[in-house]
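The following paragraphs lead the reader through the structure shown below. They begin with one pair of strands and then widen to the sheet, the cores and the chain as a whole.

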Amino acid sequence: SQIDEYEAFEDRGVDTKVPEGYKKIRVHMVYDIKHDGRHKARLVADGHLTDVPLESVYSSVVSLRAIRLVTFLAELNALDLWGTDIGNAYLESYTKEKVCITAGDEFGERKGHLLIIRKALYGLRSSGARWHDRFHDVLREMGWTPCKMEPDVWMKRVDDHYEYIATYVDDLMIASKNPKAITDELMDRFHFKLKGTG
């Protein structure tokens with residue numbers, strides 16, 4: 001249902017040829033039981049079957065040194081320090097890879113349909129970089145600027161102080177006098193589903 005909610009595939013129907021320039025791959029399910037007892041299932045693309053991209057697929061993450069610095073700045077400036085996780089983050093971005101699958105049993109009535117992968121599914125080679133680019137565009141649109149020395153720490157001047165967001169893939173550390181306003185904007189304006197916020 002989440003795959004459909006995020007419109008991860010374009011359905012081309014049954015007995016459809018693979019479009020020119022596209023590569024047919026497979027997907028599989030990964031199941032996990034979280035430390036709190038929740039059961040999780042994730043559809044993962046077999047990205048190892050694709051060619052190695054010519055463009056960079058590197059996606060940086062905030063350093064431990066930067067996390068310590070943001071924590072220190074929060075304490076020094078009496079900022080609240082919040083954490084949050086963006087749910088299904090990769091599905092919030094589009095893939096540039098030209099890949100498709102033939103739907104299996106797990107797709108129900110669509111079994112046998114040719115599905116073009118539109119979203120950056122876990123497992124594709126460039127999905128991390130696509131999400132990284134997407135979220136950086138969102139932060140820029142919200143008025144944040146990346147730090148020159150630590151590009152995964154974002155800064156924004158608010159009145160007489162700066163506020164900060166440190167990004168680690170889909171996990172955020174927010175140092176702000178009003179972190180709820182930031183998380184509300186991420187949910188209301190950009191429709192991100194946040195988890196573990198506070």
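In this predicted model, strand β10, residues 161-168, pairs with β11 in the antiparallel sense over 5 bridges. One position fixes the register for the eye: Y164 has A175 in β11 as its bridge partner. Strands of a sheet are held together through backbone hydrogen bonds, in either a parallel or an antiparallel arrangement.

This pair belongs to a wider assembly. An open sheet of 6 strands runs in the order β8-β9-β10-β11-β5-β12, and its pairing is antiparallel. At its edges stand β8 (145-146) and β12 (194-195), each of which pairs on one side only. In a regular strand, side chains point alternately to the two faces of the sheet.

The packing of side chains may be considered next. The largest nonpolar core holds 20 residues, and those that touch the most other members are I86, F135, M142, I165, L186 and F192. At least two residues of this core come from each of α3 (127-141), β11 (171-176) and α4 (179-188). The greatest contribution is that of α3, which gives 4 residues. Around I86, leaving aside residues up to four places away in sequence, the contacts are W131, F135, D170, L172, F192, K193 and L194. Another core lies apart from this one; it has 17 residues, including Y6, A45, F107 and L124.

Helix α3 merits a closer view through two of its residues. Is V138, in helix α3, buried or exposed? With a relative accessibility of 1%, V138 falls under the 20% cut-off and therefore counts as buried. Beyond residues up to four places away in sequence, V138 touches L186, F190 and F192. Two of these contacts, L186 and F192, are also named among the core residues that touch the most other members. V138 can also be set against R110: the two residues are 28 apart in sequence, and their C-alpha atoms are 34 Å apart in space.

H136 lies in helix α3 as well. Its relative accessibility is 10%, so H136 is likewise classed as buried. The contacts of H136, again without residues up to four places away in sequence, are P151, D152, W154 and T167. Of these, T167 falls within the residue range of β10, 161-168.

Elsewhere in the chain, another group of strands is found. Strand β2 (residues 23-24) pairs with strand β6 (residues 99-102) in the parallel sense, over 2 bridges. Within this pairing, K24 has C100 in β6 as its bridge partner. Strand β6 is also joined by 3 bridges to strand β7 (residues 113-117), and these two run antiparallel. There, T102 stands opposite L114 in β7.

The chain as a whole completes the picture. It contains 4 helices and 12 strands, and its C-alpha atoms fill a box of roughly 65 × 40 × 30 Å along the principal axes. Of its 198 residues, 43% are buried. Among contacts between residues at least 6 apart in sequence, 66% join residues at least 24 apart. The exposed area is about 11,500 Å², with 52% of it supplied by carbon and sulfur atoms. As for charge, the chain carries 29 positive and 33 negative side chains, and the centres of these two sets lie 3 Å apart.

Terms used:
Residues numbered from 1 in each chain as written. Predicted model: local features only at pLDDT ≥ 70, side-chain atom pairs only at ≥ 80, totals over all residues. Heavy atoms only, no water. Buried < 20%, exposed > 50% of the residue type's maximum accessible area, 1.4 Å probe, protein only. Contact = heavy atoms within 4.5 Å. Areas by Shrake-Rupley, 256 points an atom, 1.4 Å probe, with all protein chains shown as cover. Lys, Arg positive; Asp, Glu negative; His and termini not counted. Charge placed at Lys NZ, Arg CZ, Asp CG, Glu CD. Pairing = 2+ DSSP bridges. Core = buried A, V, L, I, M, F, W, Y, C linked by side-chain atoms within 4.5 Å.
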